[in-house]
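Q: I am new to this structure and would love a close look at one part of it. Could you walk me through a charged pair and its surroundings?

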Amino acid sequence: MSYDLFTYPHKAGFKDQTTSRDAAEKIERSGRALDLRTRVAQFFVVGRAATADEVADAIGETIYAVRPRVSELYKMALIERTGERRPSSNGQSSHVYRRKVA
């Protein structure tokens with residue numbers, strides 16, 4: 001499998017070509033996206049299972065910073081869904097993730 005480290009999910013993604021793109025480029029340039037990806041991945045390394053919101057709470061970051069990083073790690077196949085769902089901060093059902101089991 002070939003990976004392009006300069007595109008999503010290895011780089012922050014965006015859905016539109018305006019403010020969303022600008023925000024993705026800004027968080028990548030600052031190094032914050034990589035830092036957050038690393039911290040979120042480390043959270044799962046110890047075998048914990050959690051929703052993106054629970055990860056955000058555990059590492060002291062906002063859900064808006066962590067949710068996209070969880071999606072990126074999932075797309076990179078570094079974490080997987082457990083099949084369980086829990087309420088998110090907005091009351092919606094949210095996937096529970098864990099480190100990908102080999």
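A: Let's start with glutamate 72 and arginine 69, whose side chains meet in a salt bridge, with 2.8 Å from N to O. This is a predicted model, and the distances here are computed from it. Both residues belong to helix 4, which covers residues 63-75. They sit three residues apart there, about one turn of the helix. Glutamate 72 is buried, and arginine 69 is buried too.

The pair also has partners. Glu28, Arg37, Arg69 and Glu72 are linked in a network of salt bridges. As general background, side chains of opposite charge can pair when their charged atoms come close.

One member of that network, Arg37, leads us to helix 2. The buried residues of this helix are Ala33, Leu36, Arg37, Val40, Phe43 and Phe44. Looking down the axis of helix 2, you would find its buried residues within an arc of 120°, so they line one face of the helix. These buried residues pack against helix 1 (19-30), helix 3, helix 4, strand 1 (79-87) and strand 2 (93-99).

You can check the length of helix 2 as well. It has 14 residues, and at 1.5 Å a residue they should span 20 Å; the end C-alpha atoms are 20 Å apart, which agrees. Just after helix 2 comes glycine 47, with a positive phi of about 90°.

Further along, threonine 51 lies in the loop between helix 2 (32-45) and helix 3 (52-59). Threonine 51 counts as buried because its relative accessibility is 0%. Leaving aside residues up to four places away in sequence, threonine 51 touches Arg86, Ser94, His95 and Val96.

Arg86 brings us back to charged pairs. The side chains of arginine 86 and glutamate 84 form a salt bridge, at 3.1 Å from N to O. Arginine 86 counts as partly exposed because its relative accessibility is 23%, and glutamate 84, at 38%, counts as partly exposed too.

For one more pair, turn to aspartate 22 and arginine 21, whose side chains meet in a salt bridge of 3.5 Å, N to O. Aspartate 22 has 40% relative accessibility, so it counts as partly exposed. Arginine 21, at 25%, is also partly exposed. Altogether, the count for the model comes to 12 salt bridges, including the buried pair of glutamate 72 and arginine 69 where we began.

Notes
Residues are numbered from 1 along each chain as its sequence is written. This is a predicted model: local features need pLDDT of at least 70, side-chain atom pairs count only at pLDDT 80 or more; totals for chains, interfaces and linings use all residues. Side-chain values use heavy atoms; hydrogens and water are left out. A salt bridge is a side-chain nitrogen of Lys or Arg within 4 Å of a carboxyl oxygen of Asp or Glu. Buried means under 20% relative accessible area, exposed over 50%, partly exposed in between (1.4 Å probe, protein chains only). Helices (H or I, at least four residues) and strands (E, at least two) are DSSP runs, numbered from the N terminus. Contact means heavy atoms within 4.5 Å. The expected span of a helix is 1.5 Å times one less than its number of residues. The arc is that of the directions from the helix axis to the C-beta atoms.
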